[in-house]
Amino acid sequence: MTFFVFLLACGAAATTGLMLQPGQWYESLAKPGFTPPKWAFPVAWSTIYLLLAWAGYRLTLIPGSQVVLALWAAQIALNTLWTPVFFGAHRLFAAMVILTVLWLVVAAMVVMAMRLDVITGLILLPYLAWLCVAAALNFSIWRNNR
């Protein structure tokens, strides 16, 4: 049951992406050559959200994981906030700030999860890697579309 609570939280975050599709505005932006193809985004995020739910569930089984679970809650809130700021409000710099804080929270979460349970820490690594791509993409779009 607990896994489904985490999956529901991830689904809520994913809903912002469904409600605020990139659309014409995003298509018109100057993007870097390393921009992933359109199909990669739903595949990556679906995988990441499943891994996040699994990691959250695993953390509930580990004594002393309260701080890491608090970081989990913080990252899903920041994750949910980024989409409306970037795609809805078109605030590229504000989205970059949110993404930077999100990256820091997830990095701390990965380090702390690794200390508690290596498998859970490893489950979170693809998320951190994807956030590196997202941050580079967000930064490049912000820099090239002022």
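## Salt bridges

The side chains of Arg58 and Asp117 form a salt bridge, with N and O 2.7 Å apart. This pair joins distant parts of the chain, 59 residues apart: Arg58 belongs to helix α3, and Asp117 sits in the loop between α5 and α6. A salt bridge here is a side-chain nitrogen of Lys or Arg within 4 Å of a carboxyl oxygen of Asp or Glu. Helices are DSSP runs of H or I with at least four residues, strands are runs of E with at least two, and both are numbered from the N terminus. Arg58 is partly exposed at 21% relative accessibility, whereas Asp117 is buried at 17%. Buried stands for under 20% relative accessible area, exposed for over 50%, and partly exposed for values in between (1.4 Å probe, protein chains only).

The whole structure holds two salt bridges. Lys38 and Glu27 make one, with an N to O distance of 3.5 Å between their side chains. Lys38 is in the loop between α2 and α3, and Glu27 is in helix α2, eleven residues away. Lys38 is exposed, with a relative accessible area of 62%, while Glu27 is partly exposed at 38%.

## Basis of the model

The model is predicted: local features need pLDDT of at least 70, side-chain atom pairs count only at pLDDT 80 or more, and totals for chains, interfaces and linings use all residues. Residues are numbered from 1 along each chain as its sequence is written, and side-chain values use heavy atoms, with hydrogens and water left out.

## Thr120

Thr120 lies in helix α6 and is buried, at 0% relative accessibility. Its side chain makes a polar contact of 2.5 Å with the side chain of Asp117, the residue that also pairs with Arg58 in a salt bridge. A polar contact is a pair of N or O atoms within 3.5 Å; within protein, one must be able to donate a hydrogen and the other to accept it, and residues adjacent in sequence count only if both atoms are side-chain atoms.

Beyond its neighbours within four places in sequence, Thr120 is in contact with Ala55, Arg58, Leu59, Ile62 and Ala113. Contact means heavy atoms within 4.5 Å.

## The nonpolar core

The largest nonpolar core has 46 residues, among which Leu52, Phe86, Val106 and Met109 touch the most other members. Such a core is a set of buried Ala, Val, Leu, Ile, Met, Phe, Trp, Tyr and Cys residues joined through side-chain atoms within 4.5 Å. At least two core residues come from each of α1 (2-19), α3 (40-60), α4 (66-88), α5 (92-116) and α6 (118-144). Helix α5 supplies the largest share, twelve residues. In soluble globular proteins, nonpolar side chains tend to be buried together.

Outside its neighbours within four places in sequence, Met109 contacts Leu52, Val68, Leu71, Trp72, Gln75 and Leu124. Of these partners, Gln75 is in helix α4 and is buried, at 0% relative accessibility. The Gln75 side chain reaches the backbone oxygen of Trp72 at 3.0 Å. With neighbours up to four places away set aside, Gln75 is in contact with Leu52, Leu102, Val105, Val106, Met109 and Tyr127.

## Phe6 and helix α3

Phe6 is found in helix α1 and is buried, with a relative accessible area of 11%. Its C-alpha atom is 6.3 Å from that of Gly56, although the two residues are 50 apart in sequence. Not counting residues up to four places away, Phe6 touches Ala53, Gly56, Tyr57, Thr60, Leu69 and Trp72. By contrast, the C-alpha atoms of Phe6 and Lys38, 32 residues apart along the chain, are separated by 26 Å.

## Surface patch

Trp54, Tyr57 and Leu61 form a nonpolar surface patch with about 300 Å² of accessible area together. Patches are made of residues with over 30% relative accessible area and no salt bridge; like charges are joined within 9 Å, and nonpolar side chains (Val, Leu, Ile, Met, Phe, Trp, Tyr) within 5 Å. Accessible areas come from the Shrake-Rupley method with a 1.4 Å probe, and for residues only the protein chains shown count as cover. Tyr57 lies in helix α3 and is partly exposed, at 30%.

## Backbone at His90

His90 has a positive phi of about 60° and is not a glycine. Most residues other than glycine have a negative phi. His90 is in the loop between α4 and α5 and is partly exposed, at 34% relative accessibility.
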